[in-house]
Amino acid sequence: MTEKRESAKKILYVDMDGVLADFQRVIDETDEETYQRCCAKPEENKAATFDEIPGIFKTMPPIKDAVESFRELSLHFEIYILSTAPWGNNSAWSDKLIWVKENLGDCAYKRLILTHRKDLNKGDFLIDDREKNGAGDFEGELIRFGSAEFPDWAAVKQYLLTKK
């Protein structure tokens with residue numbers, strides 16, 4: 001027997017890093033010694049290996065207006081955090097859960113999905129800052145956070161509230 005969805009609300013997925021949590025700010029503020037000590041391939045592009053630092057995902061500050069927007073959108077959509085955790089950073093999986101609990105609380109209770117294939121999730125909307133990990137092949141509408149059309153949470157929220 002198939003389990004029914006909890007409501008008739010449209011399904012909205014929200015990426016975590018670069019959409020809810022300010023990954024770039026943590027990159028900019030991490031000292032070179034920590035980076036050299038923790039990253040698997042320090043000779044490569046700094047951003048490409050930064051996700052190897054243990055604990056980095058629980059220290060990110062929320063992006064401006066992200067928490068308030070998530071809470072408001074959760075009233076109108078069946079909302080989930082759809083994020084990818086780096087395979088080589090074991091703490092990332094639990095750190096993302098810690099971040100969600102500390103920053104979003106009850107409105108995100110049991111709403112964290114960690115996957116390397118975002119396109120396998122069924123839904124109406126996905127807010128993501130990149131097309132990686134299947135986001136570009138998502139079956140619903142991809143809302144590119146940080147783009148000219150959706151530069152910030154105010155623009156995203158205004159658009160989505162017309163689509164509920």
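This dialogue walks through the core, the strand pairing and the salt bridges of a predicted model.

Reader: What should I know about the model before reading its features?

Author: Because this is a predicted model, local features need pLDDT of at least 70 and side-chain atom pairs count only at pLDDT 80 or more, while totals for chains, interfaces and linings use all residues. Residues are numbered from 1 along each chain as its sequence is written, and side-chain values use heavy atoms, with hydrogens and water left out.

Reader: Which residues touch the most other members of the largest nonpolar core?

Author: A nonpolar core is a set of buried Ala, Val, Leu, Ile, Met, Phe, Trp, Tyr and Cys residues joined through side-chain atoms within 4.5 Å, where buried means under 20% relative accessible area, exposed over 50% and partly exposed in between (1.4 Å probe, protein chains only). Here the largest such core has 37 residues, and L104, I127 and W153 touch the most other members. Among the elements that each supply at least two residues of this core are β1 (11-14), β2 (78-83), α5 (90-104) and α6 (153-161), helices (H or I, at least four residues) and strands (E, at least two) being DSSP runs numbered from the N terminus. A second, separate core of seven residues includes I11, Y13, L126 and F138.

Reader: How is β2 placed, and which strands does β2 pair with?

Author: Two strands pair if DSSP finds at least two bridges between them. Four bridges join β2 to β1 in parallel, with Y80 of β2 as the bridge partner of Y13, and three bridges join β2 to β3 (residues 112-114), again in parallel, with I113 as the partner of L82. As for burial, E78, Y80 and L82 point one way from β2 and I79, I81 and S83 the other way, yet all are buried.

Reader: Which parts does the salt bridge between D128 and K118 tie together?

Author: Side chains of opposite charge can pair when their charged atoms come close. A salt bridge is counted when a side-chain nitrogen of Lys or Arg lies within 4 Å of a carboxyl oxygen of Asp or Glu, and the structure holds nine of them. In the pair of D128 and K118 the closest N and O atoms are 2.6 Å apart; D128 lies in strand β4 and K118 in the loop between β3 and β4, so the pair ties together parts that are 10 residues apart in sequence. Both residues, D128 and K118, are buried, and D15, K118 and D128 are linked in a network of salt bridges.

Reader: Are E139 and K122, which also form a salt bridge, buried or exposed?

Author: E139 and K122, whose closest N and O atoms are 3.7 Å apart, are both exposed.
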